[in-house]
Amino acid sequence: MTTENQDQGQSPVLAADENKIMAERRAKLAAIRQQGVAFPNDFVPQHKAADLQETYRGKSREELEAEPVPVVLAGRMMLKREAGKKAAFATLQDASGPQADGRIQIYVTLDNTSPETMEALHHYDLGDILGVEGLLFKTKVDELTVKVTNLRLITKSLRPLPDKFHGLADQETKYRQRYVDLIMNEETRRTFKARTAAMSSIRRFMEKNGFMEVETPMLHPIPGGAAAKPFITHHNALDMQMYLRIAPELYLKRLVVGGFDRVFEINRNFRNEGVSIRHNPEFTMMEFYAAYTDYKWLMDFTEAVIRQAAIDAHGHAQLTYGGRELDLSKPFHRLTIVEAINKYAPGYTMEQLNDPAFLKTELLKFGVKPFATAGLGALQLALFEETAESQLWEPTYIIDYPVEVSPLARASDTRAGITERFELFMVGREIANGFSELNDPEDQAARFKAQVEAKDAGDEEAMFYDADYIRALEYGMPPAGGCGIGIDRLMMIITDSPNIRDVLLFPHLRKED
């Protein structure tokens, strides 16, 4: 018996040399190969641990003895306790439950299996995937258990699992080796199951409200739809520079031009910018567009989408994030940029907030140097971002953004320099961005030209001029509203995760040493 097997289910294997353990396991695999198929593919489980627990946990020992329940299941061995050569207990884990419900105990004895099976189990290691046939029963401590009649090794695990008492101690290792994190960490499995439930909820909600899910290109000849720095690549066959999508907006609005009144896409976007606890260069957005709606309708609808996603993930809309309550069941707040500054950073006068020279000087105190082309609206927005944004804990729509920072939004018919645009913030971060769409081709062309001038002045995130999109608008786009929701940031909130990497199965990291 190896040192590892002696310690299984008893004490952590911290001092053992991993290379030695792997060598022992490879030797076991070599012996298995000599006996026949090492990785069989003919075992089909018929039951899941969580289903068995839910159905039979409440049964008494006597009831299970009176009506034996045959089961066929497979799972990864997470614990093993041997009682000499004649009996052993083990715990199998499958994918059926995010918590302990996805585990079930098995009991192997010489009375119900062959000496060869007992000897084989003696050499099986933690992490091995086993196929089991047997009958359910209750132990003396009322633990639901499978009395094994047939046991097979389905997959041999060559690498030892982390210490079961401490799991993966290093956070970066959890991100790099998510497959191990998912094996060992119930909380991680619960997070991603909640994400899937929320994503399914969003799709159902959109379809229920008449939206058609579509797919648009990820490779763009012109990056557009957002103010961001793109990834650049080259298409060899076409011999042309292309850009990974920073947003699907302009393609989705082309579909509105084409007659699809309600469309949405849950998509991957790519932005060649910083990496932080809130930013990943590759991320998921949902963008949706509805003809004959405006930004006020959009705010009501976006609120409903998010609230329903939380309810379907947790059963309610009263969440806790970082130990602090966050109630998504209440109507979301609405403030202008200046109102938010006055509420969360009191002390500025209206005269100061409308004085570009004062705002530029004030922003320098925060280490922000605005572009020379920045107007009053952009300066107010920059001050909001430095003073008020991080304090917006409760869901809050910031509305009425200036034209100069909203090149795709419809301008207000009653307020000069203002667009019908909002951004949704909660827990101090932006979650969504939406607006009444600009469908005037001549106005849009002028806005694109202004963006080109800003890019020429040094703004790397300013937009390109998209002539084909202007051509599409010239055919006529109905009035519409559109919104983008940052799915990963929303999932951080729904799953109470402090880091965006916690809700991405495989986040981007620096090269491993």
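Let's start with one word: a residue is called buried when its relative accessible area is under 20%, exposed when that area is over 50%, and partly exposed in between. Asp400 is a handy test case: its relative accessible area is 13%, so it counts as buried. Keep that cut-off in mind as we walk through this structure, which is a predicted model.

First, the big picture. The chain has 513 residues, and buried ones make up 49% of them. Looking at the fold, you can find 17 helices and 18 strands. If you drew a box around the C-alpha atoms along the principal axes, that box would be roughly 85 × 50 × 50 Å. About 25100 Å² of the chain is exposed, with carbon and sulfur atoms supplying 50% of that area. As for charge, there are 61 positive and 76 negative side chains, and the centres of these two sets sit 5 Å apart.

How do distant parts of the sequence come into it? Take the contacts between residues at least 6 apart in sequence: 67% of them join residues at least 24 apart. Met22 gives you an example to look at. You'll find Met22 in helix H2, which covers residues 18-35. Met22 and Leu158 are 136 residues apart along the chain, but their C-alpha atoms are separated by 5.6 Å. Setting aside residues up to four places away in sequence, Met22 touches Leu158, Arg159 and Pro160. Is Met22 buried or exposed? Its relative accessibility is 9%, so Met22 counts as buried.

Now move along to helix H8, residues 186-208, where Thr191 is found. Thr191 has a relative accessibility of 8%, so this residue is buried too. Beyond its neighbours within four places in sequence, Thr191 is in contact with Thr495, Ser497, Asp502 and Val503.

Next comes a stretch that has a label in a database. In an unreviewed entry, UniProt lists residues 192-507 as "domain: Aminoacyl-transfer RNA synthetases class-II family profile". Over residues 192-507, the chain is 35% helix and 22% strand. The C-alpha atoms at the two ends of this stretch are 13 Å apart.

The unreviewed UniProt entry also gives "binding site" for two residues, Glu423 and Glu430. Let's visit each of them. Glu423 sits in strand S16, residues 421-426, while Glu430 lies in strand S17, residues 429-436. Which label does each one get, buried or partly exposed? Glu423 has a relative accessibility of 8%, so Glu423 counts as buried. For Glu430 the value is 26%, which means that Glu430 counts as partly exposed.

What surrounds these two glutamates? Leaving out residues up to four places away in sequence, Glu423 touches Thr396, Tyr397, Ile398, Tyr401, Glu430, Ala432 and Asn433. Notice that Glu430 is on that list. With Tyr401, Glu423 also makes a polar contact of 2.5 Å between the side chains. Glu430, again leaving aside neighbours within four places in sequence, is in contact with Glu389, Glu423, Leu424, Phe425 and Arg489.

Finally, let's look at two spots where the backbone does something worth a second glance. Most residues other than glycine have a negative phi. Asp142 is not a glycine, yet its phi is positive, at about 65°. You can find Asp142 in the loop between strand S4 (129-138) and strand S5 (144-155). Its relative accessible area is 45%, so Asp142 is partly exposed.

The other spot brings us back to where we began. Asp400 isn't a glycine either, and it has a positive phi of about 60°. Where does Asp400 sit? Its place is in the loop between strand S15 (396-399) and S16. Both of these aspartates are in loops, but Asp142 is partly exposed, whereas Asp400 is buried.

Conventions: Residues numbered from 1 in each chain as written. Predicted model: local features only at pLDDT ≥ 70, side-chain atom pairs only at ≥ 80, totals over all residues. Heavy atoms only, no water. Helix = DSSP H or I, 4+ residues; strand = E, 2+ residues; numbered from the N terminus. Buried < 20%, exposed > 50% of the residue type's maximum accessible area, 1.4 Å probe, protein only. Contact = heavy atoms within 4.5 Å. UniProt positions renumbered as here; feature names shortened; annotations may be inferred. Polar contact = N/O pair within 3.5 Å; in protein donor to acceptor, adjacent residues only side chain to side chain. Areas by Shrake-Rupley, 256 points an atom, 1.4 Å probe, with all protein chains shown as cover. Lys, Arg positive; Asp, Glu negative; His and termini not counted. Charge placed at Lys NZ, Arg CZ, Asp CG, Glu CD.
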